[in-house]
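Thanks for coming. I have a few backbone details to go through, and then the ligand site.

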Amino acid sequence: MIEIYQLEECGYCRIVRAKLAELRIEYKTHDVPRDKNDRDEVDKISGQRLVPVLVDRENGIVLSDSEKIVEYLKKNYG
Ligand SMILES: N[C@@H](CCC(=O)N[C@@H](CS)C(=O)NCC(=O)O)C(=O)O
């Protein structure tokens, strides 16, 4: 299942959640700490500390940046 590292109030994360909903993709969320200094798990997974981050384990994909994530979802799940 697709996983998203995110914050509920983050506008970029909202864009990604909206695309997932539009494409009717099931996903699991991981809410990250507000302070990016506390986002060691995000850093370990993606090499940076901003959210959203998408993890698509089935396809071995880890993506950060909402625009890249939306493009990936459209191309692969649209
Ligand atoms: N260009 C990135 C921007 C992501 C971004 O700025 N995320 C914010 C949350 S909305 C963040 O993680 N900020 C942490 C910080 O800068 O301390 C995208 O489109 O995903």
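Pro52 sits in the loop between helix H2 (40–46) and strand S3 (53–56). This is a predicted model, and in it the peptide bond joining Val51 and Pro52 is cis, with omega about 10°. That deserves a look, because most peptide bonds are trans.

Next, phi. Which residue in the loop between helix H1 (11–22) and strand S2 (27–31) should we look at? Arg24 is in that loop, and its phi is positive, about 55°, although Arg24 is not a glycine. As for its surroundings, Arg24 has 7 other C-beta atoms within 10 Å, so it is exposed; the cut-off for exposed is 12 or fewer.

The other case is Asp65, with a positive phi near 90°, again in a residue other than glycine. Asp65 is in the loop between strand S4 (61–64) and helix H3 (66–77). Is Asp65 buried or exposed? Neither label fits: Asp65 has 17 C-beta neighbours inside 10 Å, so it counts as partly exposed. Buried would need 20 or more.

Now the ligand. Asp65 is one of the residues around it, and so are Val51 and Pro52, the two residues of the pair I began with. The others in the shell are Cys10, Gly11, Tyr12, Lys36, Leu50, Ser66 and Glu67. Which elements give two or more residues to that shell? They are H1 and H3. By class, the shell has five nonpolar, two polar and three charged residues.

To recap, the cis bond is between Val51 and Pro52, and both of those residues are around the ligand, as is Asp65. That is what I have.

Terms used
Residues numbered from 1 in each chain as written. Predicted model: local features only at pLDDT ≥ 70, side-chain atom pairs only at ≥ 80, totals over all residues. Helix = DSSP H or I, 4+ residues; strand = E, 2+ residues; numbered from the N terminus. Near = placed C-beta within 6 Å. Nonpolar A, V, L, I, M, F, W, Y, C, P; charged D, E, K, R; others polar.
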